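Me: Could you help me go through this structure? I'd like to start with the overall layout and then look at some of the side chains.

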Amino acid sequence: MLQKVEVEYETLPGWKADTTGARRWEDLPPQAQNYIRFVENHVGVAVCIITVFSALSVKWVGVGKSRESMIQLF
């Protein structure tokens, strides 16, 4: 099956801005927002974390090492 796999590379614009202070979607550089949307569209699923305490899907993105370094997409 792996013999039928074709690798597809995509090059996206990067960003040099520090995102660890971002706490809202709007705080992310446009290139970072576009990267997340690209992953969602290419993979066909939303970038999200499902909470352990609820059956609801909450959309979050990590922007740093700590638990506080998370932003909610919507």
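Reply: Gladly, and please keep in mind throughout that this is a predicted model.

Me: Ok, how many helices and strands are there in the chain?
Reply: The chain has one helix and four strands, and, read from the N terminus on, these elements follow one another in the order α-β-β-β-β.

Me: And what share of the residues counts as buried?
Reply: Of the 74 residues in the chain, 20% count as buried. The chain as a whole exposes about 6200 Å², and carbon and sulfur atoms supply 58% of that area.

Me: Which residues make up the largest nonpolar core?
Reply: That core has eight residues in all, namely A22, W25, L28, A32, I36, V61, V63 and I71. As a general background, nonpolar side chains in soluble globular proteins tend to be buried together.

Me: Take A22, then: which residues is it in contact with, leaving aside its neighbours within four places in sequence?
Reply: With those neighbours set aside, A22 is in contact with D27, L28, V63 and I71. Among these, L28, V63 and I71 belong to the largest nonpolar core together with A22.

Me: What about contacts across the sequence more widely, what percentage comes from residues 24 or more positions apart?
Reply: If we take the contacts in the chain with a separation of 6 or more, residues 24 or more positions apart account for 33% of them.

Me: Changing topic to charges, how many salt bridges are there?
Reply: The count comes to three salt bridges. In general, side chains of opposite charge can pair when their charged atoms come close.

Me: Which residues does R24 pair with?
Reply: R24 is linked with E26 and D27 in a network of salt bridges. The N to O distance between R24 and E26 is 3.8 Å, while for R24 and D27 the closest N and O atoms are 3.0 Å apart.

Me: Are those three buried or exposed, or something in between?
Reply: E26 counts as exposed because its relative accessibility is 54%, and the cut-off for exposed is over 50%. R24, at 46% relative accessibility, counts as partly exposed, and D27, at 35%, is also classed as partly exposed.

Me: Where is the salt bridge between R37 and E40?
Reply: Both R37 and E40 lie in helix α1, which covers residues 30–43, and they sit three residues apart, about one turn of the helix. The closest N and O atoms of this salt bridge are 2.5 Å apart, and the two side chains are also listed as making a polar contact at 2.5 Å.

Me: So is E40 buried or exposed?
Reply: E40 counts as buried because its relative accessibility is 10%, and buried means under 20%. Its partner R37 has a relative accessibility of 24% and therefore counts as partly exposed.

Me: Last topic: which residues form a nonpolar patch on the surface?
Reply: L12, W15 and Y35 form such a patch, and together they have about 280 Å² of accessible area.

Me: Where is W15 placed in the chain?
Reply: W15 lies in the segment before α1. At 35% relative accessibility, W15 counts as partly exposed.

Note on methods. Residues are numbered from 1 along each chain as its sequence is written. This is a predicted model: local features need pLDDT of at least 70, side-chain atom pairs count only at pLDDT 80 or more; totals for chains, interfaces and linings use all residues. Side-chain values use heavy atoms; hydrogens and water are left out. A salt bridge is a side-chain nitrogen of Lys or Arg within 4 Å of a carboxyl oxygen of Asp or Glu. Buried means under 20% relative accessible area, exposed over 50%, partly exposed in between (1.4 Å probe, protein chains only). Helices (H or I, at least four residues) and strands (E, at least two) are DSSP runs, numbered from the N terminus. Patches are made of residues with over 30% relative accessible area and no salt bridge: like charges are joined within 9 Å, nonpolar side chains (Val, Leu, Ile, Met, Phe, Trp, Tyr) within 5 Å. Accessible areas come from the Shrake-Rupley method with a 1.4 Å probe; for residues, only the protein chains shown count as cover. A polar contact is a pair of N or O atoms within 3.5 Å; within protein, one must be able to donate a hydrogen and the other to accept it, and residues adjacent in sequence count only if both atoms are side-chain atoms. Contact means heavy atoms within 4.5 Å. A nonpolar core is a set of buried Ala, Val, Leu, Ile, Met, Phe, Trp, Tyr and Cys residues joined through side-chain atoms within 4.5 Å.
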